[in-house]
Every structure is written in C-alpha cells, then in structure tokens.
Amino acid sequence: MADQTKFLLQDSDVPTHWYNIAADLPKPPPPPLNPGTHEPLGPEALAPLFPMELIKQEVSAERYIEIPDEVQDVYRLWRATPLIRARRLERALGTPAHIYFKYEGASPVGSHKPNTAVAQAYYNREAGVKRIATETGAGQWGTALAMACNFFGIELKVYMVKVSYQQKPYRRSMMQLYGADVVASPSSDTQSGRAILAETPDNPGSLGIAISEAVEDAAGRDDTKYSLGSVLNHVLLHQTVIGQEALKQMEMAGEYPDVVIGCAGGGSNYAGIAFPFMRDKLVGGKKTRFIAAEPEACPSLTKGEFRYDFGDTAGLTPLVKMFTLGHTFIPEGIHAGGLRYHGMANLVCELYDQGYMEARAYHQNAVFDAAVQFARTEAIVPAPESAHAIRAAIDEALAAKEAGEARVILFNLSGHGYFDMTAYDNYLAGGLQDFAYPAQRVREAMASVPVI
Ligand SMILES: *Cc1c(COP(=O)(O)O)cnc(C)c1O
C-alpha cells in the first residue's frame with residue numbers, strides 16, 4: 001500500500017464536548033474589568049450583549065462542556081475535517097521533518113469560523129434572540145455567521161471593514177446570499193462610525209472600529225445581541241473541536257507533534273488546534289512546542305505590551321488583559337485582513353506570558369512565498385491568514401533539515417484563499433508592500449490605553 005496521506009474520521013468521531021483550557025491553567029486568568037470603575041466585571045454586565053449560556057461558558061471552569069445535539073448535527077455537514085500529511089511539500093523542502101496540516105478550509109464557508117458561529121447562533125436562538133449585529137474583517141467571520149444565522153432563523157447585520165469590503169466583493173455577495181445585511185465600516189449607521197468618518201472620511205476601517213459599530217448597534221436595541229468571531233473565551237472553547245479531532249488523527253498516523261502551529265489574529269484557530277495538545281503539556285508533561293504566527297504589520301504578541309485594554313476602538317467593551325498594540329492602533333491594509341487586530345485572546349496571552357508557547361511575526365511577501373510554495377506542492381490555495389502558519393511550518397521544517405532532525409510538525413490550515421485572488425494577483429505582479437513595524441503609531445496608540 002502507498003504511504004498514507006489523508007487521515008479521516010467517521011461522523012461518530014466528531015467531538016461531543018468542547019475542551020475548556022481554563023480548567024487546566026496553572027493560575028486562573030485575570031478577570032475582565034468594568035471600563036468605568038476598573039472593578040472586576042460580573043457575568044451579568046455582559047447580558048445586554050450575549051445570551052446567558054454563552055456568558056456562562058465565558059467564565060466557566062468546567063473542563064469539558066457538552067456540544068448540543070443540534071450543533072453537532074450542523075458540524076457533521078463538514079466535520080470531521082481531514083488531517084493531511086504534506087508529503088509533496090516535505091519532498092520539495094528536502095526535509096526529514098514530517099509535516100501535517102488540519103484542513104479547516106473544508107467547511108462550507110472555507111474557514112474554521114463556523115465552529116463557533118453555529119454554536120453562537122444556536123444559543124441565541126435558544127434565548128429567543130431575533131437579530132444579531134457583528135463585525136467582519138476579511139469576510140470569513142461574516143460569512144460563517146450568515147450561514148449559521150440562516151440555519152437558526154436569525155436576522156444578521158454585518159459591519160465589514162471597508163478595505164476588505166472593497167478588496168473582497170464576493171465575500172460580501174456570499175453573506176448576502178445567506179440573507180445578511182452588510183455595510184462597509186466605518187459606516188454612517190452608528191454614532192461611532194459617523195464620528196470616525198467626520199474626522200477621516202477615507203478611513204480604511206479596522207476590526208476595532210467595526211466592533212465598536214456592532215457593539216453599539218446591539219447595545220442600543222432590545223431585539224439584538226452581539227456576536228464576536230474570535231478573542232473571547234467561549235469562541236476559543238468552540239474551536240477546540242479542531243485539536244480534539246487532530247489528536248485522534250495524529251494517533252491514526254502513529255505520531256505525536258513536536259511542534260503545533262497556528263496563525264493568530266484574535267487567537268481562536270490557534271487555540272482550536274493548540275489547546276487540546278497544550279493540555280498534554282500542562283497536565284501530561286509533554287514537551288511539545290507551540291508557535292503562534294502573526295503579521296509584522298500587526299504584531300500583538302511579539303511587540304505588544306501585556307496590559308488591560310479595550311477590545312474595540314471606541315472603548316465600549318470591557319477591559320481585558322492582553323498583549324496589545326493599543327485599541328486605537330489601525331494596521332496597514334495587509335491582505336491577511338483577519339489578522340489585523342490590535343489585541344489577542346486573553347487565554348493565549350496568559351500561555352505566552354507564562355512561557356508555554358512562542359510567537360513569530362512575518363512580512364507579507366515572506367508569507368505569500370510560503371503560500372505559493374504550498375499551492376504548487378499541495379494544490380490548496382491557502383488564505384493569506386493561514387499562510388502565516390505555513391511560513392512558520394516551512395521554517396520549522398528547514399530548521400529540522402539544518403539540524404538533521406526528524407521533527408513532527410502540525411499546523412492548522414485555517415482556511416482556503418479562493419476569495420483572495422486579488423491578493424495573489426498583486427503578489428504575482430510583484431506589487432506587495434512589506435510594512436516596517438509601525439513603532440511610532442503603536443507608541444501613539446499605547447498612550448491611550450488606560451493605566452490600571
Ligand atoms: C478569521 C481568520 C483568522 C484569524 O482569526 P483567529 O481568531 O486568530 O483564528 C485566521 N484564518 C482564517 C482563515 C480566518 O478566517
């Protein structure tokens with residue numbers, strides 16, 4: 001028999017529980033704070049924005065949380081996703097390393113995002129919510145939530161970061177196809193949007209601005225809740241189906257990873273692949289290394305400060321402790337729109353701060369070099385976000401070659417790039433710009449971070 005390439009699971013192997021890493025952290029994560037009083041925030045303070053079941057998950061210390069049957073049913077439309085050994089990439093690199101990737105681009109919308117979108121839409125429907133407001137960067141989150149809201153009969157308003165709205169018109173079409181209402185952010189539909197447009201009419205938008213608009217929309221209407229596609233504890237929780245499946249699939253392959261890699265914007269797909277393996281390190285004594293890959297144009301982990309900051313630009317959200325570049329920081333319009341976030345999930349930041357994981361930052365040309373090498377060997381065209389993980393995986397494989405070491409590398413391919421062909425066109429035409437670390441603008445943004 002030929003060497004096995006794909007490791008596939010049955011429907012019955014799709015996880016029945018989400019894994020909550022908060023139960024295994026050496027010390028509990030610091031609580032979110034009230035932005036006015038700087039006192040720890042009780043769960044009830046989040047009630048205007050989220051249904052109670054999601055708030056309970058946000059603060060839960062329970063290790064395994066059962067996935068509702070209806071959510072499992074939707075998951076089984078595409079889960080389990082395949083684990084693939086990138087043999088052709090290994091050969092092209094001439095590396096003794098074994099490279100595996102988990103392919104979340106196999107979901108109907110092409111990314112890992114529906115793992116949480118379906119769960120969030122379900123709990124909102126259960127709580128009687130009729131309408132949801134959200135933001136989207138590159139459009140993957142908006143598409144995933146549009147699909148999920150359609151399944152559960154909920155109306156959806158999406159504030160889409162303007163630069164992506166212009167670069168990715170077909171992501172907008174897809175959200176509309178599933179029935180969502182989409183506007184470019186900053187928009188004139190909210191106070192925070194109008195304030196920004198008044199100051200900078202050609203503002204390209206940012207995730208922080210779009211979050212402000214969606215939060216304001218949800219807080220101002222009784223029939224509407226807010227939904228976030230990354231960063232929060234419950235979002236990371238829902239994504240752990242990725243790593244749980246990968247644990248089983250690596251076992252099928254007869255190997256265990258030495259290195260686990262994910263790209264990191266808000267930290268959710270990274271957490272999804274990493275946390276179930278991280279449990280083996282936290283409580284099982286494994287020596288696995290973990291790497292979060294981020295853009296040099298928005299390097300929250302590698303260059304940010306570990307402080308309490310707002311999750312959005314206008315300062316409407318609770319204060320959360322995270323590695324941040326400052327909530328008013330607006331990154332350059334790099335093609336990896338989903339990685340243009342000023343902060344990072346608190347749980348990922350805790351693990352980074354406590355030395356359980358590493359982080360690397362890459363320029364976009366180096367990232368697209370890796371994406372094209374991957375497409376020419378493994379044939380899948382990766383999302384520019386996911387290509388950051390590919391860059392890190394290739395660098396690890398080359399380091400293993402240098403050291404003559406049989407390293408086992410696992411990375412999450414968080415999504416495909418079939419809506420990102422403008423970015424690939426620009427790269428192939430030699431038109432991609434690398435942006436130096438914007439030290440001055442980060443200093444300015446950090447000056448507006450509250451002192452606690
Ligand atoms: C949204 C997105 C990301 C970044 O978000 P995380 O929460 O850091 O995972 C990465 N890759 C893809 C394909 C995305 O859609």
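## Exercises on the ligand site and a salt bridge

In this predicted model, an oxygen atom of the ligand lies 3.4 Å from an N or O atom in the side chain of Gln140.

**Exercise 1.** Determine which further polar atoms of Lys113 and Gly266 approach the ligand, and state how much of the ligand the protein covers.

*Solution.* Begin with Lys113: a polar atom of its side chain is 2.6 Å from a ligand oxygen atom. Turn next to Gly266, where a polar backbone atom lies 3.0 Å from an oxygen atom of the ligand. Finally, consider the cover: on its own the ligand has 380 Å² of accessible area, and the protein covers 97% of it.

**Exercise 2.** Describe where the ligand sits and which residues and elements surround the ligand.

*Solution.* First, locate the ligand: it occupies the largest cavity. Second, identify the elements that give two or more residues to its shell, namely helix 12 (268-282) and helix 16 (384-403). Third, count the surrounding residues: there are 18, and the closest are Lys113, Ser230, Gly265, Ser268 and Asn269. Last, sort the shell by class, which yields 3 nonpolar, 13 polar and 2 charged residues.

**Exercise 3.** Explain why the salt bridge between Glu155 and Arg131 ties together parts that are apart in sequence.

*Solution.* Start from the principle that side chains of opposite charge can pair when their charged atoms come close. In the whole structure, 27 salt bridges are found. In the pair formed by Glu155 and Arg131, the closest N and O atoms are 3.9 Å apart, within the 4 Å cut-off for a salt bridge. Glu155 belongs to strand 7 (residues 155-161) and Arg131 to strand 6 (residues 131-136); therefore the pair ties together parts 24 residues apart in sequence.

Technical notes. Residues numbered from 1 in each chain as written. Predicted model: local features only at pLDDT ≥ 70, side-chain atom pairs only at ≥ 80, totals over all residues. Heavy atoms only, no water. Near = heavy atom within 4 Å. Polar contact = N/O pair within 3.5 Å; in protein donor to acceptor, adjacent residues only side chain to side chain. Areas by Shrake-Rupley, 256 points an atom, 1.4 Å probe, with all protein chains shown as cover. 1 Å grid on protein atoms, 1.4 Å probe; cavity = no way out; pocket = protein on both sides within 12 Å on 5 of 7 lines; lining within 4 Å. Sits in = over half its atoms within 2 Å of the grid points. Helix = DSSP H or I, 4+ residues; strand = E, 2+ residues; numbered from the N terminus. Nonpolar A, V, L, I, M, F, W, Y, C, P; charged D, E, K, R; others polar. Salt bridge = Lys/Arg side-chain N within 4 Å of Asp/Glu carboxyl O.
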